[in-house]
Each structure stands twice: as C-alpha cells, then as structure tokens.
Amino acid sequence: MKRFRASLLIAPVAALIFVFVILPYVTVLIMSFRATADGQPYGQGFSVEGYQQFFSQPYYALSLPSSLALGMATTLVCLILGYPIALHIATASRKWRGLLYGIVLSPLLVGIVVRSYGWTILLGNSGVINATLRNLGLIDRPLPLMYNNFGVVLALAHVFLPFMVLPLLSSLQSIDPAIAQAARSLGARRFTIFRRVTFPVSMPGVQAGCILVFVLAISSYVTPSLVGGMRVKTTTLLVIDALIDQYQWPFGSAMALILAVSAGLVVLIFARLTRMKWT
Amino acid sequence: MRIATPLLAVFRTLVYVFLLAPILVVVLASLNAGNFLTFPPQGLSLRWFWTFLNNDIFLNAIAYSATLAACATAVSLVLGTMASLYFTRHAGKHAEAVRIGVLLPLILPEILTAIALLFFFYEIGVGTEHKIALFTGHVLMTLPFIFLNVNTSLQGRDDSIELAARTLGASRYTAFRRVTLPLIAPGLSTGAVFAFIISFDTFGISFILKGTGSAPLPIQLFDYLRFNFTPEAAAVSTVSILMTLVLVVAADLLFGRRD
C-alpha cells in the first residue's frame, strides 16, 4: 500500500515522459521509413527513400561532415576559452567568485535569439568591429567576420561557453588544494602541477563539458541562421528546411536521425579516446 | 612562467569581455537615434523604445510568452516536486533511471524533441492548432529545472521530520504543508525562476510547435530579424533582458537569504 502510494508521486511525470518524449521519438523513427509523397507530408507505405535522398545528393550529404567539424571547432574554442576561466573562478576569493560566476552565467539569462543578434551587430560588415577598424584607418574593406564559419563558431562558442565552464568548475572545485601544495613543496613547477595533477583530476569535467557543447552546437538552429545567413548550411538547418518549408517529413526525419547517430558516434569515439568513465 | 602569468590574466579578461560584449552591444544599439544599426551611433535616444511600445505585435508576443511561461512553470512545479520527492525518498535502486528519465528533455537536443512532438501530435490527430503541443513542449523543457532544484533542497534530508509530525497527529496534508513545503521553498523558488526564464527564452520548441496565430517573443523577434535591421529589435531585446534581470534580482531579494 505504502509503495503504491509512493509510486503515485512519479506516475504523472513517468506518463508525461513516456507519452510525450519516448513515443514521439519512436514516431520520428517510423516517420523516417515512410514513403515520400508530393503535396502532402508523407505517403502510404514504407521505404528507405528518405535515407537514399540524403546520401545521393552531395548538397545534403556533405553538410554532415561540415556540421560535425563546426561542432568540434566550437567545442575546442569553448574548452580553450573556458578552462582558464573555470580555473580562475575555482581559485578566486569568495568575494570575486560570485561576480565572476555571474558573468559566466549571464549569457544563459539572455535568450539565444538576442545573443545571436548581438553577434550580428558586432560582426556585420558595418558592425561595431568593422566600423571601428575602418574609422581607425586600419582596413579599407570590411573584414569577412559574418556569414561564414568563423562567425558562426565564434557566436556558438559564446552561446555555449557556460555549458563548458560549469562542469569544469564542479570538477575543479573537487580538487583538494593540499595536493597542489604538496607537489609544490616537493619542487614541482606550476606547469608540471597543472599537467600532472590539476588537468587529470578535472578530466570528468572536460569530458562532460565537451560532450554537452558538441551536442548543443550541432543541433543549434538560431545562431547558424542569423550569423551564418544563407551561406552556412548545417544539417540541422537543412532538417528544418525539409520539415517546415518543404513538408518532406520522411526525408527530414531520416536526416535528423543520421545527424543524431553520427553525433552519437563522435561522442562515443571521444569518450573512448579520453578513457571516459561513464557514471 | 613569470611571463606566462600576466599573459593568462589578459587572456582571462578578454574572455570575460567576450562573454558580456554581445549583450552590452544589444543594449547600446537600442539607444541609437538613427534609422539603422550604424556604429558609432547617430546620437542617443529612446525613440526605438517608443516605437516598440506602439507595436502591438511585440507587446502581444511578450504577454503571450509570459503567460505561457507562467502556466508551464505552474504545472512543472507540481509535477517536478512530486518526481523529486519520489526520487529522493522512494526510488531506491531505480534512482538513476528516474533521474535520467526526468532529465531526458534536457539531455536530448531540443529541436529534435520539438520535431518528435510535432509528428506525434499530428499522428494522434491534434496538430498544433490548439496550442496543446506548444504547452506540452514548454512543460517538458521546464520540468528538469524544477526537479534539479528541489532535489538540491531535499538531498541529505530524510523524511523523518515529516514522520515525526505524523506521529504527533498531523494529517498527511498538514505534515506536507507545515514541514516539507518550508524545507523545499528555496528549491521551489529558484527552480521556478529558472523554469520561467527557460520557457520565456526557449526557441526550438516554440519555433516548431507554435502553430498559426500569435507566437512567443523569441519567434517573433527571430522572424523580424531575418528581414529588418532597425534598432527596434534591439529595444525589444533590451526589454527582454531587463525583464529577466528584474525577475532574478526580485527572486534573490525575496528568497535568496534563506539558505
């Protein structure tokens, strides 16, 4: 009786997740194998046309490696920018920690559309950076900062940096400062301490942060479409085009699943290479 | 190493600037007196805020987003707290499965969840017209934030205080209201603020499931930005940033001192 009553607590959420997450994902899987049709989202019967369509057209097929590369570049930039920040906050005094933590979290409090818009103001041809450089007489023509991979990676790195810093921070804060002091007193140089003590201990944070940023980056829609304009076509953008603008549901679903499986493989390879311990 | 330390400090400062720059630049752009987003600005003015205040499309979008966020947060508060109580007290060896299950909407790519919901609601014959799909999506996106925050309040505390209250004759309901609820109040308030902001700002779910008619603010702003370059969008964004800021500060003043 008691166990039955306790299970009533989880029943609504369990039903919610099952009906509105698990079943819908199964629907996507089924949809990807439906027959295509003209004039309506999908036809009668089943086929693998959606998958064939993706791999037979270079425009679509080639978007996959470039999207994965874009995701990896964003992840790398986030790691390079985020690690010193996480280290700084982890070792900062209590007074500073709150403020720095606030700065790192601030992008999360501002919608993704607004943040991407901020980047278009900064990077545009007559944007803040180009206008400043031109007024200083350093350049004649605007630098190509936007509508290309460079701009998209930069903006994506900004949008997802908190997701790198937070896991890094939680793993760095678990390090006992006494270990570093011990290494110091035994004569280790600061870089050696970082390489042999700090970095290995922070590895779970590095792994979690990299996986989070990578998955978020390759599935993002707003930033590539606003900062990339029509020039940067990621697979996610093509999926939405196919589903919403062209009403090709089987094709769009197949493309979404191919992207998800590829991303999963990249994550698995990364986990394998970094000897990740799954918890 | 002596040279590396100041270099690292400069690098860190640049990263902090990098984090704040796009947000500050939006606020500055909203004060531009010119017709376009030129830099340096052609004088300062509040004219774009005035334009925005006379633009029903954006005002409706803000009201719509706020209503949606409030409703989704209310439902998530109830469901998320129940799930959290189960997770911390009764889940036993299924705890990890429960945790992953509730966090699924956070772990899975939002845009893919949105597409999945779109198909699902069409397959069961409901579609996106009645906003039920949109609302369900927002509940799913906000649920993990309530769950995580209430967990933090409950962890390390067993249900013995509540049991004590029951032994002393309190009804199940009284024990919950007088003992458990004050215990999880900080988690509930932080979770609610998070949930509201997530719902207010979320894009993928709203973009795919919005249906026809009125759309949430991020969608309205996105559509506007694709074809317009006036500082009005910056004014709208600034108002949205200020709303979030007010919410966070108010929540901190009201509930922040408790823990």
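## Close-up views of a predicted two-chain model

**View 1. The contact between chain A and chain B in this predicted model takes 55 residues from chain A and 55 residues from chain B.** On the side of chain A that touches chain B, the most is given by helix 1, which spans residues 2-32 and supplies 16 residues. Sorted by class, this side of chain A is made up of 42 nonpolar, 10 polar and three charged residues.

**View 2. Chain A is built from 13 helices and has zero strands.** Read from the N terminus, the elements of chain A are α throughout, and the C-alpha atoms of the chain fill a box of roughly 75 × 75 × 35 Å along the principal axes. Among the 279 residues of chain A, 43% count as buried. Of the contacts in chain A with a separation of 6 or more, 70% come from residues that are 24 or more positions apart.

**View 3. Helix 5 of chain A, residues 94-109, bends by about 35° at Ile103(A).** A proline, Pro107(A), follows this bend within four residues. The helix has 16 residues and reaches 22 Å from its first C-alpha to its last, which is close to the 22 Å expected at 1.5 Å a residue. The buried residues of this helix are Val104(A), Leu108(A) and the proline already named, Pro107(A).

**View 4. The largest nonpolar core has 145 residues, with members from chain A and chain B among those that touch the most other members.** These well-connected members are Ala157(A), Phe160(A), Val213(A) and Met255(A), together with Ile115(B), Leu117(B) and Leu118(B). Helix 8 of chain A, residues 149-172, provides the largest share of this core, with 15 residues. Leaving aside residues up to four places away in sequence, Ala157(A) touches Thr74(A), Val77(A), Cys78(A) and Leu81(A).

**View 5. Tyr147(A) has a positive phi of about 60°, although it is not a glycine.** Tyr147(A) is placed in the loop between helix 7, residues 128-135, and helix 8 of chain A. Because Tyr147(A) has 18 C-beta neighbours inside 10 Å, it counts as partly exposed.

**View 6. Lys131(B) is a residue other than glycine with a positive phi, near 65°.** In chain B, Lys131(B) is found in the loop between helix 5, residues 110-123, and helix 6, residues 132-154. With 16 other C-beta atoms within 10 Å, Lys131(B) is therefore partly exposed.

Key:
Residues are numbered from 1 along each chain as its sequence is written. Chains are lettered from A and ligands numbered from 1 in the order in which they are written. This is a predicted model: local features need pLDDT of at least 70, side-chain atom pairs count only at pLDDT 80 or more; totals for chains, interfaces and linings use all residues. Helices (H or I, at least four residues) and strands (E, at least two) are DSSP runs, numbered from the N terminus. A residue is buried if 20 or more other C-beta atoms lie within 10 Å of its own, exposed if 12 or fewer, and partly exposed in between; C-beta atoms are placed from the backbone. Two residues are in contact if their C-beta atoms, placed from the backbone, lie within 7 Å. Ala, Val, Leu, Ile, Met, Phe, Trp, Tyr, Cys and Pro count as nonpolar, Asp, Glu, Lys and Arg as charged, and the others, Gly among them, as polar. The expected span of a helix is 1.5 Å times one less than its number of residues. The bend at a residue is the angle between axes fitted to the seven residues ending there and the seven starting there. A nonpolar core is a set of buried Ala, Val, Leu, Ile, Met, Phe, Trp, Tyr and Cys residues joined through C-beta atoms within 7 Å.
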